Amino acid sequence: LMGNAVMTGKYLKDELEAIPQLKNVRGRGLMIGFDVPEELKDLKKNLLWNQKIFTGEAKPHVIRLLPSLALKKRDAEQFIESLKEEIQKLVSSPNPVS
C-alpha cells in the first residue's frame, strides 16, 4: 500500500501541477492539497454534485485530497479528467450578473 501511495501520489501531483489554474500543489503520497483561484470557487461543490467526487477543504480556496492508500492509477486518471472537465466548465461559463 505504501508503494502504491507513493507512485500514485507522484502521478497525481505531477498532473495537478500541469493544470495552469491550480496553484501551490503540495503534499506527500496521496495526501495532497492545492489552491484554487476565485473564479474556481465552486470547483469543490461542482466535483461533488456533477462528478460525485468528495474532496476535503482546508480553507475556502484550498482543496484537499486524502483518498484511500489503495487508490489505483486508473482512479487517479479518472479524477484528473473529471477535475479538468469541471475547471473547463467554470472557466468557459459567463459570469452571472448579481
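P60 is exposed in this predicted model, with a relative accessible area of 65%. That value counts as exposed because the cut-off for the term is over 50%. P60 sits in the loop that runs between strand 3 and strand 4. Along the chain, P60 and K41 are 19 residues apart, and their C-alpha atoms are separated by 7.9 Å.

S82 offers a useful counterpoint. This residue belongs to helix 3 and is buried, its relative accessible area being 8%. Here the reasoning runs the other way: S82 is called buried because its value falls under the 20% cut-off. Leaving aside residues up to four places away in sequence, S82 touches L47, Q51 and I53.

The loop that holds P60 leads on to the sheet. Strands 3 and 4, which flank this loop, belong to an open sheet of 4 strands with the order 1-2-4-3 and antiparallel pairing. The edges of the sheet are formed by strand 1, residues 23–28, and strand 3, residues 56–59, each of which pairs on one side only. On average, neighbouring strands of the sheet are turned by 25° against each other, with direction ignored. Strands of a sheet pair through backbone hydrogen bonds, in either a parallel or an antiparallel manner. Between strand 1 and strand 2, the latter covering residues 31–35, there are 4 bridges, and the two strands run antiparallel. Within this pair, R28 stands opposite M31 of strand 2.

Helix 1 is a good place to see how the elements come together. Spanning residues 2–17, helix 1 has 16 residues and reaches 22 Å from its first C-alpha to its last, close to the 22 Å expected at 1.5 Å a residue. Which residues of helix 1 are buried? They are N4, A5, T8, G9, Y11, L12 and L16. These residues lie on the same side of helix 1, because they cover an arc of only 160° around its axis. On the other side of the helix, M2, V6, M7 and K10 are exposed.

The buried residues of helix 1 are covered by parts of both the sheet and another helix. Strand 1, strand 2 and strand 4 (residues 62–65) are included in this cover, as is helix 3 (residues 73–92). Two of the elements met above thus return here: strand 1, an edge strand of the sheet, and helix 3, in which S82 lies.

Notes
Residues are numbered from 1 along each chain as its sequence is written. This is a predicted model: local features need pLDDT of at least 70, side-chain atom pairs count only at pLDDT 80 or more; totals for chains, interfaces and linings use all residues. Side-chain values use heavy atoms; hydrogens and water are left out. Two strands pair if DSSP finds at least two bridges between them. Axes are lines fitted to C-alpha atoms, for helices over the stretch in contact, and angles run from 0 to 180 degrees between N-to-C directions. The expected span of a helix is 1.5 Å times one less than its number of residues. Buried means under 20% relative accessible area, exposed over 50%, partly exposed in between (1.4 Å probe, protein chains only). The arc is that of the directions from the helix axis to the C-beta atoms. Contact means heavy atoms within 4.5 Å.
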